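The exercises below are meant to be worked through with the coordinates open beside the text. Each task is followed by a solution that proceeds step by step.

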Amino acid sequence: MKAHVNLAIFVPHQGCPKDCIFCNQSRITGAERLHRYTEAEIKKMIETGLSTINRNQNVEIAFFGGSFTGLPRSYQRLLLSVAQGYIQSGQVHGIRLSTRPDYITPSIMEFLVSYGVTTIELGAQSLDEEVLLRAKRGHTPEHVEKAVATIRQYPVQLGLQLLPGLPGDTLEKSVLTARQTAELAPDFVRIYPALVIEDTELAIVYREGMYHPLTLEESVKWVGEMWLVFLKAHIPVIRMGLHSSEDLRTPGTILAGPFHPSFRQLVEEALYKRLLKRMMEEISDTGSTGILELTIHPADETSLRGRRNCNLRMIEKGFSGQVILRLDPRCSRRQMNWRFNHGKEVLLTFLDLNFM
Ligand code: SF4
């Protein structure tokens with residue numbers, strides 16, 4: 001399968017009816033809020049993007065950062081027609097855009113598909129009514145369900161974005177949101193734990209002491225639980241945690257919250273830790289010394305070891321024998337084969353983990 005790349009063009013907030021309490025797309029993306037791109041500017045951004053990518057990739061021009069289908073029709077037409085020209089010339093394979101669930105109707109879909117839109121990402125954020133209300137999203141869980149049903153009538157890929165940790169959210173609500181999202185069967189999901197960004201309503205509430213964002217540790221746990229739901233439903237989670245852009249790293253942009261440049265890595269480490277603990281429980285029934293052989297996919301080595309080898313050190317604490325770590329590309333990702341004292345090999349995968 002060809003690798004995928006998005007040529008991102010940010011149209012921050014421009015199609016939004018008002019601001020959701022957590023959102024400041026201009027801060028996150030660095031794009032000016034009121035600026036309307038001209039045809040020449042759009043082409044320049046696309047050309048620059050194309051010059052940096054490997055042409056053997058599956059390329060989509062991606063209009064991110066706002067509610068695309070809330071933009072004036074004439075501006076949508078301009079953006080889409082420029083992008084469509086690159087599909088017709090064979091330089092890109094499709095168009096991706098992000099929008100709100102309440103801004104999808106059959107006639108909007110007809111319009112988008114006629115320009116070659118191939119992927120739609122819906123900002124669902126949560127499927128809990130109270131969380132959506134307190135985030136001032138202006139839509140309900142039913143809007144998400146209705147939008148998904150509408151999009152599914154058309155030949156486009158569907159992604160859903162979730163934002164655990166908003167005011168009123170709990171671990172149970174986030175896991176329930178993940179389960180309900182999995183039932184909607186999107187093609188992929190993104191999970192962005194809520195952050196407090198400067199110049200948002202959430203920043204005011206946070207400064208007043210009325211909102212406490214998740215700690216990094218809590219968010220790793222919550223997102224890990226949500227990921228398990230999607231893994232079990234065979235739905236890819238293509239992103240966990242916001243991309244560490246230069247704008248986001250600018251001092252003063254993130255006031256508080258569980259930001260980490262390698263957030264996904266932390267979640268994988270935490271789940272590997274749970275697998276290792278489970279293995280240790282099984283080993284402790286048979287003895288605490290001997291030879292322990294672990295085999296994993298090479299790409300999972302960092303996650304299995306954990307930061308500064310903390311996962312491996314945890315094993316060594318409870319076990320006085322020799323630990324041999326083998327890397328084998330024939331192993332599947334997120335699984336671990338282990339063998340104790342040359343006994344029978346045991347397979348453990350993330351799918352064996354139960355919800356906590
Ligand atoms: S979260 Fe989405 S709908 Fe809300 S203000 Fe930001 S871009 Fe607009």
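**Exercise 1.** In which loop is glycine 306 placed, and is this residue buried or exposed?

*Solution.* Begin with the secondary structure of this predicted model: glycine 306 sits in the loop that links helix 12 (301–305) to helix 13 (310–317). Next, count the C-beta neighbours inside 10 Å, of which glycine 306 has 20. Since a residue is called buried when 20 or more other C-beta atoms lie within 10 Å of its own, glycine 306 therefore counts as buried.

**Exercise 2.** Determine which residues, beyond four places in sequence, are in contact with glycine 306.

*Solution.* Once the neighbours within four places in sequence are set aside, the contacts of glycine 306 are Glu269, Lys273, Asn311 and Leu312. Taking glutamate 269 from this set, one finds that its C-alpha atom is separated by 5.3 Å from that of glycine 306, although the two residues are 37 residues apart along the chain.

**Exercise 3.** Describe the largest nonpolar core and relate it to the domains of the chain.

*Solution.* The first step is the division of the chain, which gives domain 1 (4–261) and domain 2 (275–352), with their C-alpha centres 37 Å apart. The second step is the core itself: the largest one has 83 residues, and those with the most contacts inside it are Phe22, Ile61, Val223, Met226 and Val267. This core takes at least three residues from each of the two domains. In soluble globular proteins, nonpolar side chains tend to be buried together. As a third step, examine isoleucine 61, which, leaving aside its neighbours within four places in sequence, is in contact with Leu7, Ile9, Ile46, Ala83, Tyr86, Val92 and Ile95.

**Exercise 4.** Which residues surround the ligand, and how are they distributed by class?

*Solution.* The residues around the ligand are, in chain order, His13, Cys16, Asp19, Cys20, Cys23, Gln25, Gly66, Ser67, Arg100 and Gly123. Sorting this shell by class yields 3 nonpolar, 5 polar and 2 charged residues.

**Exercise 5.** Assess why the chain as a whole can be called as compact as a globular protein of its length.

*Solution.* Start from the inventory of 13 helices and 13 strands. The radius of gyration of the chain is 22 Å, close to the 21 Å that the globule rule gives for 356 residues, so the chain is as compact as a globular protein of that length. Along the principal axes, the C-alpha atoms fill a box of roughly 70 × 50 × 40 Å. Finally, among contacts with a separation of 6 or more, residues 24 or more positions apart account for 79%, while buried residues make up 38% of the 356 residues.

Methods
Residues are numbered from 1 along each chain as its sequence is written. This is a predicted model: local features need pLDDT of at least 70, side-chain atom pairs count only at pLDDT 80 or more; totals for chains, interfaces and linings use all residues. Domain bounds come from an automatic or database domain assignment. A residue is near a molecule or strand if its C-beta atom, placed from the backbone, lies within 6 Å of it. Ala, Val, Leu, Ile, Met, Phe, Trp, Tyr, Cys and Pro count as nonpolar, Asp, Glu, Lys and Arg as charged, and the others, Gly among them, as polar. A nonpolar core is a set of buried Ala, Val, Leu, Ile, Met, Phe, Trp, Tyr and Cys residues joined through C-beta atoms within 7 Å. A residue is buried if 20 or more other C-beta atoms lie within 10 Å of its own, exposed if 12 or fewer, and partly exposed in between; C-beta atoms are placed from the backbone. Two residues are in contact if their C-beta atoms, placed from the backbone, lie within 7 Å. Helices (H or I, at least four residues) and strands (E, at least two) are DSSP runs, numbered from the N terminus. The radius of gyration is taken over C-alpha atoms; the globule rule is 2.2 Å times the number of residues to the power 0.38.
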